[in-house]
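User: Please take a close look at the enclosed cavities of this protein. I should like a connected account of what lines them.

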Amino acid sequence: MINTVLYVALLNLVPGDTSKIEQVTINTKAKQETISSTITLQKKSLVILDIVSDESIKKTPDATVSGVLKRVGGTSIQNDKFVIIRGLSDRYNSLLLNGSIINSTEPDKKSFSFDLVPSNLVGNIIISKTASPDLPGDFSGGVINITTKVPSGKINETSLGLGYGSLSTFNHGWKLKTIYLPTDFLPTKEFRSLPTDVRRSESDKIKSVFKPTQTINIPNLSLKYTLGDRNYITNLTIRKSSNVTTSQRQDYMSGNDLMYKYVDINYSNVINASGIANFKLKSLDFKNTLNYLGESSVVGRRGINYDNQQLITSTSSNHSNKFILMSQLSDKKWGINYNLLYRTQPDYRINPFAKNIDSDDDSAFVWRDSYRFWSKMQEHALGSYYNDTLGRLKYGFYELARFRTFDARVFRYQPGFVLNEITNNTDGYNAYSNLATGYGMYSGKLNKISYSGGVRVENQLFRVSTFDFSGVEQNIDRLYLDVLPSINLVYGKGNKNIRLSASRTVARPEFREVANFAYYDFVRNAQVVGNPKLVKTNIINADLRYEVYPSKKELITVSGFYKHFNNPIEQIVNNGSVPSNLILTLDNTKQAILYGAELEIRKNIVKNLQFYTNLSYFKSSVTVSSWYRPLQGQSPYIINTGLFYTKDKLSVNFLYNRIGERISAVGFQGYPDIYENARDVIDLTAQYQTKKITIKLAVSDLLGQNSKFYQPNRTLIQTNNETNINLTINYKI
């Protein structure tokens with residue numbers, strides 16, 4: 001499967017000098033769960049790293065990896081799921097799980113949903129912010145490598161957690177029954193050909209339920225059980241949570257004339273079941289991770305549509321199920337991995353009711369705005385790699401083949417509640433990708449300078465097969481061949497380092513981003529559409545960092561970086577959108593630059609009290625015709641800080657996070673950019689630990705400040721956020 005040309009090209013790089021080298025390599029099998037061990041790794045690495053240890057994770061209230069990542073310098077989280085590094089949107093990052101490439105979990109964007117992975121399954125998280133030939137080249141923000149826990153000794157423990165949400169727990173919630181599309185439901189062409197009376201009986205198979213069932217939200221619940229010894233470790237984690245938010249949303253026709261003004265109440269429920277089963281078989285490691293995430297929500301909307309002069313009383317319900325299997329078998333030099341992603345969205349529905357503003361009648365069902373949607377996405381990925389050294393040279397090969405299918409069916413009601421299928425030819429696609437890579441990296445040391453440099457070659461065959469609206473087949477074929485050089489230099493003197501890095505990386509479009517499938521999002525009141533004309537982004541990166549390590553658990557780092565983008569990819573509001581129906585898509589702008597600085601300090605104040613902070617400043621500029629603006633998704637600053645007090649069996653931790661305002665979606669002439677506001681987040685944890693029992697109390701988002709999306713001088717969406725209090729008891733059996 002590996003491209004032969006890459007083998008030949010890289011083998012020609014092998015020099016005759018096979019003398020011993022003085023270099024530091026990252027061995028993810030080494031124990032890296034403590035703060036001191038991760039600081040040592042960060043100090044000795046040739047790549048600029050930020051590392052989160054298991055010890056650090058336990059000091060936070062974060063139940064998932066998405067919460068953990070927002071503590072990392074220059075990193076923030078969007079929608080509580082997607083990571084943004086150095087101000088760049090989530091699509092500019094790459095993810096490795098135990099060293100293997102993991103791709104998007106989302107049907108509508110190039111992103112991995114980090115709320116899928118419970119934080120208690122993680123041994124450490126390494127974020128590489130500079131490129132190296134042995135890392136994926138499709139990134140600019142960072143390469144995130146999540147290492148799950150490995151066998152390290154006998155363990156047998158269980159934990160129970162209860163959580164209280166300030167807006168949801170013991171308050172009313174709503175649920176709407178999910179109706180799956182029957183396996184014997186007629187295909188699109190046959191269903192459309194049926195006469196109305198026959199379609200009525202067929203429609204009864206998936207008869208709509210318009211009234212949700214009222215419930216009482218019980219406390220959030222988490223259960224965990226871990227069993228292992230030196231040869232294996234297994235873990236099962238189950239979490240169930242509820243959430244209630246209220247959003248005020250409005251948009252404008254022109255000037256300050258309102259198009260609509262709504263109040264949405266969103267009732268959501270989440271069930272997450274995750275597990276690992278990692279085995280040590282002599283020299284082999286066999287690692288398996290399973291994740292299931294079930295999300296359901298009911299949104300009640302009331303308000304006025306001034307454009308239509310109507311009072312709106314609509315509801316929508318959305319359900320999604322994600323199942324991910326990731327398996328890896330590896331030795332010291334080679335490995336193979338298999339990933340399965342299966343996602344269904346059963347019965348996403350919109351039940352619209354409205355009446356004239358001046359009418360005294362009851363609201364009537366609006367047939368033309370009704371909506372029922374079923375979709376299924378399935379992706380298989382098979383990868384393999386080989387790494388070796390020859391003298392001062394490290395070289396390797398990697399190949400990843402991916403196969404994805406996506407199908408959707410869309411319906412609307414006509415009078416009498418008879419389903420009318422409105423599925424388009426664009427509502428589905430098949431996709432294939434084969435990425436073959438090879439690299440050569442030469443490392444060594446000259447006096448006090450450690451160095452590493454080389455070339456990574458990536459060759460990707462890429463095809464998305466779909467149809468246009470008329471039914472004509474469309475194939476989007478791409479062949480990317482990228483030569484990606486990089487160099488990392490470290491000048492080290494005692495406990496002080498100066499680092500310099502330069503590289504070329506890329507950002508290639510993902511399957512969904514080029515598919516012409518359109519998805520309607522009721523909550524955002526927008527359609528999400530792909531763009532078959534997207535081209536890849538070429539990126540030049542330069543980094544400089546100064547580091548001081550006062551002790552094994554202390555560090556001070558100051559970093560500066562610069563990035564230049566040709567054809568950056570951004571989410572935009574499509575020209576021609578109207579506020580009552582925005583069209584969100586992706587597009588290439590001509591070029592952009594991004595530069596910034598980062599400061600990280602971890603310092604002991606007194607014997608039992610440690611101070612931690614990372615501060616980041618970013619500045620970007622996108623060239624659009626004759627004017628400039630920031631990159632979409634880029635914050636001007638990020639603040640993370642904390643105080644950690646530990647004495648004997650007790651530890652108390654204070655954490656603060658703030659992300660500067662950022663562009664959520666790029667507007668167009670006559671419709672300004674949409675921004676997301678800055679907000680202050682304070683978290684507290686207290687933990688008491690004995691030989692057998694650990695009791696942890698965590699308070700998340702103590703202030704509960706509102707989230708806002710806005711344009712200059714006017715708010716579009718304002719949503720409240722709830723404070724969560726969680727009590728967890730862990731018992732070692």
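Analyst: The following account deals with the cavities and the residues that line them. The model is predicted, and the values below are computed from it.

The count comes to 8 cavities of 30 Å³ or more. The largest cavity has a volume of about 420 Å³. It is lined by 28 residues, of which S94, I102, N103, K110 and D138 are the closest to its centre. Several strands contribute to this lining: β3 (82-85), β4 (93-97), β5 (100-102), β20 (393-414), β22 (428-446) and β23 (449-467) each provide at least two residues. By class, the lining of the largest cavity comprises 13 nonpolar, 8 polar and 7 charged residues.

The second largest cavity has a volume of about 270 Å³. Among its 20 lining residues, those closest to the centre are V52, S56, R71, R602 and Y612. Here a helix takes part as well as strands: at least two lining residues come from each of β1 (49-53), α3 (54-57), β32 (591-606), β35 (637-647) and β36 (650-659). The lining of the second largest cavity divides into 10 nonpolar, 5 polar and 5 charged residues.

For both cavities, the elements named are those that supply at least two residues of the lining. Nonpolar residues number 13 in the lining of the largest cavity and 10 in that of the second largest. Charged residues are present in both linings, with 7 in the largest cavity and 5 in the second largest. K110 and D138 are among the residues closest to the centre of the largest cavity, while R71 and R602 are among those closest to the centre of the second largest.

Key:
Residues are numbered from 1 along each chain as its sequence is written. This is a predicted model: local features need pLDDT of at least 70, side-chain atom pairs count only at pLDDT 80 or more; totals for chains, interfaces and linings use all residues. Side-chain values use heavy atoms; hydrogens and water are left out. On a 1 Å grid over the protein atoms alone, a cavity is a set of points where a 1.4 Å probe fits but cannot get out, and a pocket is an open set with protein on both sides within 12 Å along at least five of seven lines; lining residues have an atom within 4 Å of a point. Grid points are joined across faces, edges and corners, and a volume is the space filled by probe spheres set on the points. Helices (H or I, at least four residues) and strands (E, at least two) are DSSP runs, numbered from the N terminus. Ala, Val, Leu, Ile, Met, Phe, Trp, Tyr, Cys and Pro count as nonpolar, Asp, Glu, Lys and Arg as charged, and the others, Gly among them, as polar.
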